[in-house]
Amino acid sequence: MSTTVLGYPRIGSNRELKFASESYWKGDIHAAELDAVAAKLRRDTVEGLRGAGIDLVPSNTFSYYDHVLDTAVMVDAVPERFAQFAPGEGDREAELRRYFAMARGADGVAPLEMTKWFDTNYHYLVPELSPATRLRLAGAKPLAEYTQAKGLGVETRPVLLGPLSFLLLAKRAADAPEGWRTIELLDDLLGVYAELLASLAGAGAEWVQIDEPVLATDAGRDERAALERVYARLGGLTERPKILVSCYFGGIGHESLEVLKGAPVEGVGLDLVSGPEQVADLARVSGLGDKTLVAGVVDGRNVWRTDIPGALSTLGSLLGLAGEVVVSTSCSLLHVPIDLDAETGLDPVLRSRLAFAKQKVAEVALLGTALDDPDAAAAGLAEARTASAEGTPKAFLDQRVRARLDALGADPSRTDYDARVPAQEAASKLPLLPTTTIGSFPQTAEVRKARADFRNGRIDRAAYEGQMRAEIDRVIALQEDIGLDLLVHGEPERNDMVQYFAEQLQGYATTQFGWVQSYGSRYVRPPILFGDVARPEPMTVDWITYAQSRTAKPVKGMLTGPVTMLAWSFVRDDQPLGDTARQVALALRDEIADLEKAGIRHIQVDEAALRELLPLRAADHTGYLDWAIGSFRLATSGVADSTQIHSHMCYSEFGLIVGAIDELDADVTSVEAARSHMELVDDLATIGYRRGIGPGVYDIHSPRVPSAEEVESGLRAALRAVDPKRLWVNPDCGLKTRGYAEVEPSLRAMVAAAKKVREDLANG
Ligand SMILES: Nc1nc2c(c(=O)[nH]1)N[C@@H](CNc1ccc(C(=O)N[C@@H](CCC(=O)N[C@@H](CCC(=O)N[C@@H](CCC(=O)O)C(=O)O)C(=O)O)C(=O)O)cc1)CN2
Ligand code: MET
Ligand SMILES: [Zn+2]
């Protein structure tokens with residue numbers, strides 16, 4: 001059976017892409033050097049996949065920043081504000097300057113908006129389209145990457161973002177009329193794809209992979225007519241490679257499957273890991289006829305080894321349902337770390353259960369061989385059979401945690417919010433419109449270096465902790481000087497808001513080199529939650545009490561909530577996510593109790609990823625929100641009325657979860673709103689939200705410093721829907737990726753604006 005993968009990490013096993021692009025942005029290297037690093041990464045990937053026995057190797061899986069941005073640039077969907085960056089013919093420096101300006105902003109020009117790629121922790125740049133957008137083929141990246149691979153002797157299948165997904169992921173530009181929809185550009189876009197497919201065919205490409213992940217969402221499933229139109233048109237072209245339409249991140253439903261079956265394309269890729277019901281759907285549509293089925297049976301979203309016997313039986317059941325079945329990953333391997341072999345510090349029992357990108361490629365190859373020639377695969381199969389027969393090791397379980405959770409019962413809750421308010425007002429004297437921040441202050445080069453030095457044994461624990469305390473001193477002093485009301489310690493001791501806790505919790509393992517791209521050159525090392533979670537010792541109390549000892553103003557304790565701990569980790573799959581979330585919640589509940597005992601009166605539990613984990617299909621929302629809200633309440637409901645629980649959520653589109661925010665029962669919630677202020681405020685008004693709310697008053701994702709007037713007008717807008725007694729003033733998100741040069745003036749502008757509005761309120 002032939003083998004393939006839908007995509008591969010692009011960052012390099014030693015984060016080469018991060019270091020090269022950051023050097024380029026600093027002006028330390030030229031375009032030619034950056035391009036050389038990129039070419040080497042692509043070469044390693046293509047040759048690595050071929051060497052591992054993958055028959056159909058993908059190309060154009062590389063990106064300097066993001067593949068949606070690549071597509072926008074290729075079809076010339078470049079907003080007018082970047083006109084000043086238009087590159088001259090063949091001017092590579094200028095080409096990259098514009099590309100990175102669209103990604104990161106430049107010279108006062110705002111970048112494209114960034115948002116989550118489906119339910120992953122990867123972010124893409126949102127194309128802006130309007131009726132005035134003139135689409136045309138303006139780049140040849142897929143062709144160039146195909147040609148590079150061909151030069152290395154490897155025939156590849158260029159990967160393109162599908163026209164339907166591109167248009168549905170894009171947004172209406174600010175100057176487009178209200179009722180206009182991006183899908184109206186479909187015919188123009190298909191013209192561009194037709195030209196592109198012709199050029200790929202001309203270069204000799206046999207196959208092209210067209211990704212349509214949007215078919216896993218309700219929005220995509222509803223566009224069946226457009227889906228039909230896209231593939232009738234592209235399939236009907238005379239000059240084109242064979243087309244594989246690949247779908248992932250969930251099932252596409254039998255109706256869309258029927259459409260693809262009827263379309264004049266040669267292959268369909270299905271994610272049988274997140275949409276296992278599609279095996280039955282395939283039978284329901286009586287198979288795909290003579291089309292090729294690319295069967296995604298190796299999970300591209302987590303780090304667990306594949307159940308090889310299970311995958312073999314799935315593949316076996318597909319044999320009659322398509323002309324040819326190809327073994328594949330469920331989606332691109334972009335979302336998993338590159339190589340397990342680099343991890344020398346992992347517990348051997350855990351390690352034997354894991355597979356990163358390289359190991360998943362080997363699994364795909366093993367499955368392919370096993371189906372053709374079981375003898376040739378005998379050794380690998382025998383080993384895989386033993387591994388998959390083992391259940392969760394006893395050592396990963398902790399009966400005490402389970403017993404404690406049983407004893408706590410279903411849904412512990414706090415006194416009614418209205419009764420808590422006076423207790424909190426008495427405990428902490430805060431002004432109207434209190435100012436605060438989301439938690440982190442800039443992770444400076446010195447802070448990161450101190451951590452690297454400690455890790456590598458160049459400094460000892462005492463020296464490291466001394467440096468972190470000095471940093472806390474600076475952050476506290478700065479906040480006092482700026483005049484903020486509710487202070488934070490700045491989180492200098494945290495490498496990451498999830499990994500920091502994972503390192504201290506039982507049941508969690510962390511990696512040394514398991515980097516996964518989150519956006520652009522920012523990567524994370526998602527920890528691995530493999531067993532029952534417990535908290536051996538307090539995790540934050542010393543740092544927070546130290547910070548509190550340095551100021552008379554109140555300091556907020558800062559924790560990461562259960563949903564976010566799960567969303568940004570690789571989580572065990574032997575029990576429902578909700579059960580695992582309750583274990584994390586219990587550990588947090590203990591931490592919160594300890595913070596409270598230490599005199600901390602404001603405790604923030606970040607649920608940055610609450611929106612992100614929301615299932616792609618509305619039918620699944622309730623089940624998710626039940627456990628998401630339940631675990632937050634379990635974590636936070638043990639406190640006194642006088643202790644104020646804060647929460648924080650990133651990203652807009654709150655309409656979808658504004659009801660859930662209310663049910664979390666936090667006293668104060670800060671949310672991203674700087675780019676969609678009015679929408680959020682309307683949503684809050686609609687549900688009659690009555691708790692404390694801090695709509696982010698400026699965007700921390702860009703280095704731009706807001707003016708006090710701008711912040712002030714945001715606050716006045718919020719006051720139209722929010723009781724002044726409930727309105728908080730804060731930035732959009734944490735400040736860790738910013739520099740002090742922007743942070744300080746931004747916070748000063750924010751405090752000045754709050755003071756102004758406060759005075760006006762006092763004067764009626
Ligand atoms: N997990 C997670 N997901 C999230 C967020 C988040 O904060 N965490 N925020 C949102 C946006 N996503 C983000 C993702 C990453 C970063 C980020 O800043 N990443 C850092 C790495 C953070 C980290 O792990 N730092 C470690 C390791 C740093 C490092 O690379 N050190 C050097 C040496 C130190 C030096 O001299 O700089 C090395 O090991 O080689 C530390 O500080 O200890 C980066 O890519 O640069 C920010 C936002 C959504 N998703
Ligand atoms: C991505 S949400 C960030 C919340 C965290 N407390 C911070 O300020 O960095
Ligand atoms: Zn945030």
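The shell around ligand 1 breaks down into 7 nonpolar, 5 polar and 6 charged residues. This comes from a predicted model. Altogether, 18 residues surround ligand 1, and the closest of them are Arg-448, Ala-452, Asn-495, Ser-518 and Arg-522. Three elements, namely helix H18 (445-455), strand S13 (516-519) and strand S14 (522-524), each put at least two residues into this shell. The biggest share comes from H18, which gives 4 residues.

H18 turns up again in the packing of helix H19, whose buried residues sit against H18 and helix H21 (541-549). H19 covers residues 461-482, which makes 22 residues. From the first C-alpha of H19 to the last is 31 Å, close to the 32 Å expected at 1.5 Å a residue. Which residues of H19 are buried? They are Gln-467, Met-468, Glu-471, Ile-472, Val-475, Ile-476 and Gln-479. The general geometry helps in reading such a list: an α-helix has 3.6 residues a turn, so residues three or four places apart point the same way. Just past the end of H19, Gly-483 adopts a positive phi of about 95 degrees.

Next comes strand S15 (residues 528-534). Of its 7 residues, 6 are buried, so S15 is largely enclosed by the rest of the structure. On the pairing side, S15 is joined to strand S12 (residues 506-509) by 3 bridges, and these two strands run antiparallel. Here Gln-506 faces Ala-534 in S15. S15 also pairs with strand S17 (residues 570-571), this time in the parallel sense and over 2 bridges. In that pairing, Leu-529 stands opposite Val-571 in S17.

Further along the chain there is an open sheet of 5 strands, in the order S16-S18-S19-S20-S21, with parallel pairing. Why do S16 (556-560) and S21 (692-695) stand at the edges with one side left without a neighbour? Each of these two strands has a single partner strand, so one side of each has no neighbour in the sheet. On average, neighbouring strands of this sheet are turned by 20 degrees against each other, direction ignored. For S16, 5 bridges join the strand to S18 (residues 602-606), and the two run parallel. Thr-560 lies opposite Asp-606 in S18. As a general point for anyone looking along these strands, side chains in a regular strand alternate between the two faces of the sheet.

Technical notes. Residues numbered from 1 in each chain as written. Chains lettered and ligands numbered in written order. Predicted model: local features only at pLDDT ≥ 70, side-chain atom pairs only at ≥ 80, totals over all residues. Near = placed C-beta within 6 Å. Nonpolar A, V, L, I, M, F, W, Y, C, P; charged D, E, K, R; others polar. Pairing = 2+ DSSP bridges. Axes fitted to C-alpha atoms, helices over the stretch in contact; angles between N-to-C directions. Expected span 1.5 Å × (residues − 1). Buried ≥ 20, exposed ≤ 12 C-beta atoms within 10 Å, placed from the backbone. Contact = placed C-beta atoms within 7 Å.
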